[in-house]
Amino acid sequence: MSDFAIKNRTAAIEASSYEEHPELVQQNAEWTDLSPVEVKLCGISLGLGLVLLAVFLYAFRS
């Protein structure tokens with residue numbers, strides 16, 4: 001069996017299994033954006049992590 005035939009068969013199987021589960025379609029449709037508080041918390045935690053990484057790298061390389 002050629003690679004092309006295998007890929008087509010795999011894609012057909014994935015498409016049919018996706019169509020058989022309408023709850024997957026509903027889950028994808030229920031996407032909501034982050035609230036401003038969540039965005040702020042993510043930014044703070046990312047910033048704090050990067051600052052601490054820089055501090056630890058500086059402290060342990062010296």
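Helices and strands are taken here as DSSP runs, with at least four residues for a helix and at least two for a strand, numbered from the N terminus. On this basis, the protein chain of the predicted model follows the pattern α-α-α along the sequence. Three helices and zero strands are present.

Confidence varies along the protein chain. The mean pLDDT is 78, and 50% of the residues reach 70 or more. Helix H1, which spans residues 3–19, has the lowest confidence, with a mean of 60, whereas H3 has the highest, at 96.

Solvent accessibility was then computed for the chain. Of the 62 residues in the protein chain, 0% are buried, where buried denotes a relative accessible area under 20%. The protein chain exposes about 6000 Å², and 67% of this area is supplied by carbon and sulfur atoms.

A nonpolar patch on the surface is formed by Leu-48, Val-51, Leu-52, Val-55, Phe-56 and Phe-60. Together these residues have about 620 Å² of accessible area. Phe-60 lies in helix H3, which covers residues 36–61. With a relative accessible area of 70%, Phe-60 counts as exposed, because the cut-off for that class is over 50%. Phe-56, at 47% relative accessibility, counts as partly exposed, since values between 20% and 50% fall in that class.

Phe-56 and Phe-60 were also examined as a ring pair. A pair of aromatic rings is described by the distance of the centres and the angle of the planes. One aromatic pair is found in a search of the whole structure. In this pair, the ring centres of Phe-56 and Phe-60 are 6.4 Å apart and the planes are at 40°, so the pair is tilted. The centre distance satisfies the limit of 6.5 Å for pairing, and the angle is neither under 30 degrees, as for stacked rings, nor over 60, as for edge-to-face rings. Phe-56 and Phe-60 are four residues apart in helix H3 and are therefore separated by about one helical turn.

Notes. Residues are numbered from 1 along each chain as its sequence is written. This is a predicted model: local features need pLDDT of at least 70, side-chain atom pairs count only at pLDDT 80 or more; totals for chains, interfaces and linings use all residues. Side-chain values use heavy atoms; hydrogens and water are left out. Patches are made of residues with over 30% relative accessible area and no salt bridge: like charges are joined within 9 Å, nonpolar side chains (Val, Leu, Ile, Met, Phe, Trp, Tyr) within 5 Å. Accessible areas come from the Shrake-Rupley method with a 1.4 Å probe; for residues, only the protein chains shown count as cover. A salt bridge is a side-chain nitrogen of Lys or Arg within 4 Å of a carboxyl oxygen of Asp or Glu. Buried means under 20% relative accessible area, exposed over 50%, partly exposed in between (1.4 Å probe, protein chains only). Rings of Phe, Tyr and Trp (its six-membered ring) pair if their centres lie within 6.5 Å; planes under 30 degrees apart count as stacked, over 60 as edge-to-face and the rest as tilted. pLDDT is the predictor's confidence in each residue, from 0 to 100.
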